[in-house]
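Trainee: I'm new to this one and would like to go through it with you, a piece at a time. Can we put it up on the screen?

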Amino acid sequence: SGKAGPHVMISSVGHGNELCGAIAVDNLLQNNVRPLKGKLTLAFMNVDAFLSFDTDNPSASRYLDEDFNRLWTKDVLAGSRDSIELNRARKVLPILDKVDLLLDIHSMQTATKPLMMAGPLKKGYEFAKRLGIPEVVVMDFGHRAGRRMREYGGFSDPASNKNALLIECGQNWDQRSADLAITASWRFLMILGLISKENAFAHLKTEPKTEQRIIQVSGPYTIRNSDFRFKEHYVGLEEIASADTLIAHDGDIEVRTPYDNCILVMPSRRQRPGDTAVRFGKYIDFRS
C-alpha cells in the first residue's frame, strides 16, 4: 500500500486437496483486492500437491511426501531432512517470517460444522472473536506429529504481537466451504482495516452467527498401531456424555473419553501410526 500497517497473509492449499482456500484467494485476485494500509500477501502454499489433484482419487493430493502443515519449527526447517513439502516450506519461510497476521484456510474430510482453530492462547481466541465466524472456535494445541503454520514463531508466543488463525471451512468438496472461505477472507481484511467495509460487504457470501461457541481441547489421541478403528462413524462435534466411554480400538488399546461431556474434534479418516485420530475437548465459557 505504501502506508504504515501490518503485513497480512491469507494462505491457501497447505493441503493440496483442500480447494476452498484456492477458490477464496482466486476470488480476491479476480476482484483486484489492494490493501489500504500495510502489506498483503496472498499465498498458494503446497502447489505441487495441488497440481496433482485427481478427481478419481481426490484425497491423494493432500501432500506428496509429508504433511506440509506439520513442519513449522525452526529445527525442522533448518534440519537436514529433505522432501518436496520441506523444500516448499523453506522457499516461503522468508516471507512468512515477515508476516504479522495470518489466516490459513483449510477444509475437512467430513461434512461437519466449520471450525476456527485459534490455538491455546487468549490472543488467538480474541482474534477469532473479532473475525466473528464461524460459530465454533477451537482452542487447541495442534498435533504431536508436528507444528502447523499457524503455530510458527511469534504466532504461538503470548508476548508477540503476531497472531494467526486457521479456519476449517467444512467438507472438502462442499460449495459452502468455498463460500465460507471467501467470506472469511474478506472479513479478515476488513477487521484489520486493509479494505473498506463497503468493499468487504459487497463480497460476503455467508452471515455470521450471533454468538460463537468455544471448545477448549485438552489434547489429541495419537495413533500407535496400524489397525486403528473407531467404534462408530464419527464426523466431529459429537458430545459423549460419560467419561471412560469406549470410542475406538488402537490395536489392543481401548481408546476412551477422558471426561464427561467430551467433544470429539475432527476425528480423522487417515488412520496411520503417528497421526492424530481425534482431539478431546469441552465447551467452555471463555470471555475477555
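Trainee: What phi does Gly132 take, just after α5?

Mentor: Ground rules first: residues are numbered from 1 along each chain as its sequence is written, and side-chain values use heavy atoms, with hydrogens and water left out. This is a predicted model, so local features need pLDDT of at least 70 and side-chain atom pairs count only at pLDDT 80 or more, while totals for chains, interfaces and linings use all residues. Helices (H or I, at least four residues) and strands (E, at least two) are DSSP runs, numbered from the N terminus. Just after α5, the phi of Gly132 is positive, at about 85°.

Trainee: Which residues of α5 are buried?

Mentor: "Buried" means under 20% relative accessible area, "exposed" over 50%, and "partly exposed" in between, with a 1.4 Å probe and protein chains only. The cover over the buried residues of α5 includes β3, β4, β5, β6, α6 and β7. The buried ones in α5 are Lys123, Gly124, Tyr125, Phe127, Ala128 and Leu131.

Trainee: α6 is in that list, so how do α5 and α6 sit, roughly parallel or roughly perpendicular?

Mentor: Two packed helices are described by the angle between their axes and the distance between the axes. Axes are lines fitted to C-alpha atoms, for helices over the stretch in contact, and angles run from 0 to 180 degrees between N-to-C directions. For α5 and α6 the angle is about 105° and the axes are 9 Å apart. Angles under 35 degrees count as roughly parallel, over 145 as roughly antiparallel, 65 to 115 as roughly perpendicular and the rest as oblique, so α5 and α6 are roughly perpendicular.

Trainee: Which residues of α6 does α5 meet?

Mentor: Contact here means heavy atoms within 4.5 Å. From α5, Phe127, Arg130 and Leu131 take part, and they meet Ala184, Arg187, Phe188 and Ile191 of α6.

Trainee: And at what angle do α1 and α6 cross?

Mentor: Here the helices are α1 (residues 20-30) and α6 (residues 175-191), with axes that come within 8 Å. The crossing is right-handed; that is, the near helix is turned clockwise from the far one by less than a right angle, while anticlockwise would be left-handed. The pair counts as oblique, with a crossing angle of roughly 50°.

Trainee: How many charged residues does the contact of α1 with α6 have?

Mentor: On the α1 side are Cys20, Ile23, Ala24, Asn27 and Leu28, and they meet α6 residues including Ala181, Ser185, Trp186 and Leu189. By class, Ala, Val, Leu, Ile, Met, Phe, Trp, Tyr, Cys and Pro count as nonpolar, Asp, Glu, Lys and Arg as charged, and the others, Gly among them, as polar. That gives nine nonpolar residues and three polar ones, and the number of charged residues is none: no charged residues.

Trainee: Which element gives the most to the largest nonpolar core?

Mentor: A nonpolar core is a set of buried Ala, Val, Leu, Ile, Met, Phe, Trp, Tyr and Cys residues joined through side-chain atoms within 4.5 Å. The largest one has 39 residues, and Ile105, Phe188 and Leu189 touch the most other members. Among the elements that give two or more residues are β1, α1, β3 and α5. With 10 residues, the top contributor is α6.

Trainee: Where is Val13, which has a positive phi?

Mentor: Most residues other than glycine have a negative phi. Val13 is not a glycine, yet its phi is about 45°. At 1% relative accessibility it counts as buried, and Ile105 is in contact with it. Its place is the loop between β1 and α1.

Trainee: Which two residues does a cis peptide bond join?

Mentor: Most peptide bonds are trans. In this one omega is about -10°, and its proline is in the loop between α5 and β5. The bond joins Ile133 and Pro134.

Trainee: What separates the C-alpha atoms of Leu194 and Leu36?

Mentor: Leu194 lies in the loop between α6 and α7 and is buried, at 1% relative accessibility. Among the residues Leu194 touches are Val8, Pro35, Leu36 and Leu40. Leu194 and Leu36 are 158 residues apart along the chain, and their C-alpha atoms are separated by 4.9 Å.

Definitions and conventions:
Lists of a residue's contacts leave out its neighbours within four places in sequence.
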